[in-house]
Amino acid sequence: MPDLIPHDFSSPLIDEALAWLVRIHSGQASEDDRHAFQAWQAHSADHRLAAQEAETLWREIGSLRSADRSHNPTSVPPLCRSQQVGTGKATWAIAACLILTIGWFASDGIVEWFTVTMADHHTVIGQQHVVTLPDGSHIHLNSDSAVNVVFTEQERTVHLMKGEAAFSVSPDANRPFIVRSRNLHARALGTAFIVRLHQDAVTVTVTEHTVHLSTTNRNRSSPLILREGEQTSYSAETGFSPVHPVNLSLVTAWQRGKLIVDSKPLAEVVDELNRYRPGRIMILNPALRPLKVTGLFDITDPEAALRMIADTLQIHGTALTFYVVLLH
């Protein structure tokens, strides 16, 4: 099957095709517009190929609706900010802005934004924050994360609503310390562990001593004890994943402002970088996704990390706006 990913983003025909797609998907296109676009494609094989390439990019950018919807939490996602781009990129930038903005409003982005900003403690994209609780315990919130805290005379409970947090727990024999995320409960039996909420799973890593894990769905998984240096993930569909050892230096690197990867696929590394910058980095050419990346990167400067990776792998990055970067 031929690779339809465009390699020349300044191609006038691709720009024209994308302009047609913006018009067709605007919600105001007429039948005459659709017939005119079909006639435009019929001009030549190059026109048809340009239309296919533009459709591919449209689908790639459109997938953002089901990926990270976390843009600037203080406003409507500012993806259409004016930016100096070349003529060949202008239409692509406009299309990206249109798709992302419509997708944000059409999704539950507003509800999620409201829920997160009303949480007891939260961070925006690229921010970390350490919270000291009344009992002396600490929560280290990673980028774009949110928690609610409920302390009673019987129990100390933290609800991880979004993102990732590291917990350093002060001992209290009379009040267990429990982190709840979706239907997973992690009860501290020691001092330190990390909980990360994914789209369809929750991952727990123990950095000191042990943690007792249980779920509200007892039919799916029995409770288990997770020990120092071990990790598991829980999904409502599949239950607990096999417990496995992890390199704690790598897992906790974000607490030191670093991302450490050892021969990880580019796709996984890009997913990590996307957690620390607004907008989205997207890999257009599927052949690039399995390329291996090794290195230590500063998550406070994800743009520099991306440049370093692109230079090392000898791949190209095209910025449609500050918020949308295409790797090809």
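A salt bridge is a side-chain nitrogen of Lys or Arg within 4 Å of a carboxyl oxygen of Asp or Glu. By this criterion the structure, a predicted model, holds nine salt bridges.

**View 1. Salt bridge between D135 and R156.** The closest N and O atoms of D135 and R156 are 2.4 Å apart. D135 lies in the loop between strand 2 (129-132) and strand 3 (138-141), while R156 belongs to strand 5 (residues 156-162), so the pair ties together parts that are 21 residues apart in sequence.

**View 2. Open sheet of seven strands.** The strands follow the order 1-4-5-7-8-11-12, and their pairing is mixed. Strand 1 (121-122) and strand 12 (224-227) stand at the edges; each has a single partner strand, so one side of each is left without a neighbour in the sheet. Strands of a sheet pair through backbone hydrogen bonds, either parallel or antiparallel.

**View 3. Pairing of strand 1 with strand 4.** Strand 1 and strand 4 (residues 146-151) pair in the antiparallel sense, over two bridges. Within this pairing, H122 stands opposite A146 in strand 4.

**View 4. Open sheet of three strands.** The order of the strands is 17-20-19, and the pairing is mixed. The edges are formed by strand 17 (280-283) and strand 19 (317-319), each with a single partner strand, so one side of each is left without a neighbour in the sheet. Neighbouring strands of this sheet are turned by 20° against each other on average, direction ignored.

**View 5. Pairing of strand 19 with strand 20, and helix 7 on the sheet.** Strand 19 and strand 20 (residues 324-327) are paired in the antiparallel sense over three bridges. G317 stands opposite L327 in strand 20. Helix 7 packs on the sheet and touches strand 17 and strand 20. The direction of helix 7 makes about 170° with that of strand 17.

**View 6. Packing of helix 7 against helix 8.** The axes of helix 7 (residues 266-273) and helix 8 (residues 302-313) come within 11 Å and cross at roughly 165°. Angles over 145 degrees count as roughly antiparallel, which makes helix 7 roughly antiparallel to helix 8. The crossing of the two helices is left-handed. From helix 7, L266, V269 and L273 meet P302, A305, L306, I309 and L313 of helix 8. By class, this contact between helix 7 and helix 8 has eight nonpolar residues, with no polar and no charged residues.

Methods. Residues numbered from 1 in each chain as written. Predicted model: local features only at pLDDT ≥ 70, side-chain atom pairs only at ≥ 80, totals over all residues. Heavy atoms only, no water. Axes fitted to C-alpha atoms, helices over the stretch in contact; angles between N-to-C directions. Helix = DSSP H or I, 4+ residues; strand = E, 2+ residues; numbered from the N terminus. Parallel < 35°, antiparallel > 145°, perpendicular 65-115°, else oblique. Left-handed = near helix turned anticlockwise from the far one by under 90°. Contact = heavy atoms within 4.5 Å. Nonpolar A, V, L, I, M, F, W, Y, C, P; charged D, E, K, R; others polar. Pairing = 2+ DSSP bridges.
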